[in-house]
Amino acid sequence: RHEASPVKLAAVQYRPPKGQPQVARSELVDLVNQACVLGADLVVCPEMATTGYVWPNAESLRVHAETPQGPTYQALAPVARKWHAWVVVGFVEQVGGNLYNSALVIDGDGALAGVYRKVLLYDMDKTWATPGSERWVRETPLGRLGCGICMDLNDPGFITHLMRDEVGVVAFCTNWLEQGINVLDYWRWQLGPYGGWFVAANSWGPDGDISFCGSSVILDPEGRVCALGEKEGNQVLCVDTSDGH
């Protein structure tokens, strides 16, 4: 068990309008503010939360790619600073000619705390994304914070990292597909012996020929469900880690 300090953890379930990042950023600001009004110290948003997920190639997505301190950071940093909350949000990162499926981490002062790049790519990432190569963990006022993006949960090396590096809270940005299974059972099975908090922020509804399953969740270190999202709809989940867990 890798306990975090008593804090409030939030997951934002969100479906971005496809290829309309300016609209998505505005809506994300509203949702993150909602979480912070509830007292959230950490707010996790979905994978590729500004763009939608399914893109045929890098060129179709490049117009929406950005640097870590680009428009998504510029939109959310003032919110993080106002509420002294950490914010993690999935975005499409451009470095030179490469695009990455990345998570932006903003600290409670509104500063850029880091960027995590998805290591294990899903088939639909491979049409455009370069895989990341490094795990991400930081000592924070929330405890030891780590990041994962969707398919990473299927990587045994990711679970090994969580345990070896004693990650207390996992910010899990995802676009998890609707596959007709109980996704919570699957996620818990994949997490296995990991003993920290798991904050999964998912998308929902269709994107092209696929659909996402919603069901964003916050699991405690015993794998118990502390908050669970609906299968559809934008939603904010918030859990106080000191409430009997």
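**Cysteines, cores and salt bridges in a predicted model**

Student: Which cysteine sulfur is closest to the sulfur of C213?
Tutor: The one in C150, at 8.8 Å, which is too far for a bond. A disulfide here is a pair of cysteine sulfur atoms within 2.5 Å.

Student: How many disulfides does the count come to, then?
Tutor: By that rule, 0 disulfides. Seen from the other side, the sulfur of C150 has its closest cysteine sulfur in C213, again at 8.8 Å.

Student: Before going on, what sort of model is this?
Tutor: It is a predicted model, in which local features need pLDDT of at least 70, side-chain atom pairs count only at pLDDT 80 or more, and totals for chains, interfaces and linings use all residues. Residues are numbered from 1 along each chain as its sequence is written, and side-chain values use heavy atoms, with hydrogens and water left out.

Student: Back to the cysteines. Is C213 buried or exposed?
Tutor: C213 is buried, at a relative accessible area of 3%. Buried means under 20% relative accessible area, exposed means over 50%, and partly exposed is in between, using a 1.4 Å probe and protein chains only. C150 is buried as well, with 8%.

Student: What about the whole chain: how many helices and strands?
Tutor: The protein chain has 5 helices and 14 strands. These are DSSP runs, numbered from the N terminus: H or I of at least four residues for helices, E of at least two for strands.

Student: How compact is the chain?
Tutor: As compact as a globular protein of that length, because its radius of gyration is 16 Å, close to the 18 Å that the globule rule gives for 245 residues. The radius is taken over C-alpha atoms, and the globule rule is 2.2 Å times the number of residues to the power 0.38. Along the principal axes, the C-alpha atoms fill a box of roughly 50 × 40 × 35 Å.

Student: And what share of the residues is buried?
Tutor: Buried residues make up 58% of the 245. The chain's accessible surface comes to about 9,600 Å², and 50% of that belongs to carbon and sulfur atoms. Such areas come from the Shrake-Rupley method with a 1.4 Å probe, and for residues only the protein chains shown count as cover.

Student: What is in the largest nonpolar core?
Tutor: It has 45 residues, and those with the most contacts inside it are L42, L153, W187 and F198. A nonpolar core is a set of buried Ala, Val, Leu, Ile, Met, Phe, Trp, Tyr and Cys residues joined through side-chain atoms within 4.5 Å. A second, separate core of 26 residues includes V12, A24, F91 and L104.

Student: What does L42 touch?
Tutor: Leaving aside residues up to four places away in sequence, L42 touches K8, L9, A10, W86, V88, L142, L145 and V169. Contact means heavy atoms within 4.5 Å.

Student: New topic. How many salt bridges are there?
Tutor: The count comes to 14 salt bridges. The rule asks for a side-chain nitrogen of Lys or Arg within 4 Å of a carboxyl oxygen of Asp or Glu.

Student: Which residue does K18 form a salt bridge with?
Tutor: K18 pairs with D207, and their closest N and O atoms are 2.6 Å apart. K18 sits in the loop between β1 (8-13) and α1 (21-37), while D207 is in strand β10 (residues 204-207), so the pair ties together parts that are 189 residues apart in sequence. K18 is partly exposed at 37% relative accessibility, whereas D207 is buried at 7%.

Student: What does R117 pair with?
Tutor: R117 forms a salt bridge with E93, at 3.0 Å between the closest N and O atoms. R117 is in strand β5 (residues 112-117) and E93 in strand β3 (residues 86-95), so this pair links parts 24 residues apart in sequence. At 28%, R117 is partly exposed, and E93 is buried at 2%.

Student: Last one: where is R25?
Tutor: R25 is in helix α1 and counts as buried, at 10% relative accessibility. Not counting residues up to four places away in sequence, R25 touches T50, E66, P71, T72 and A75.
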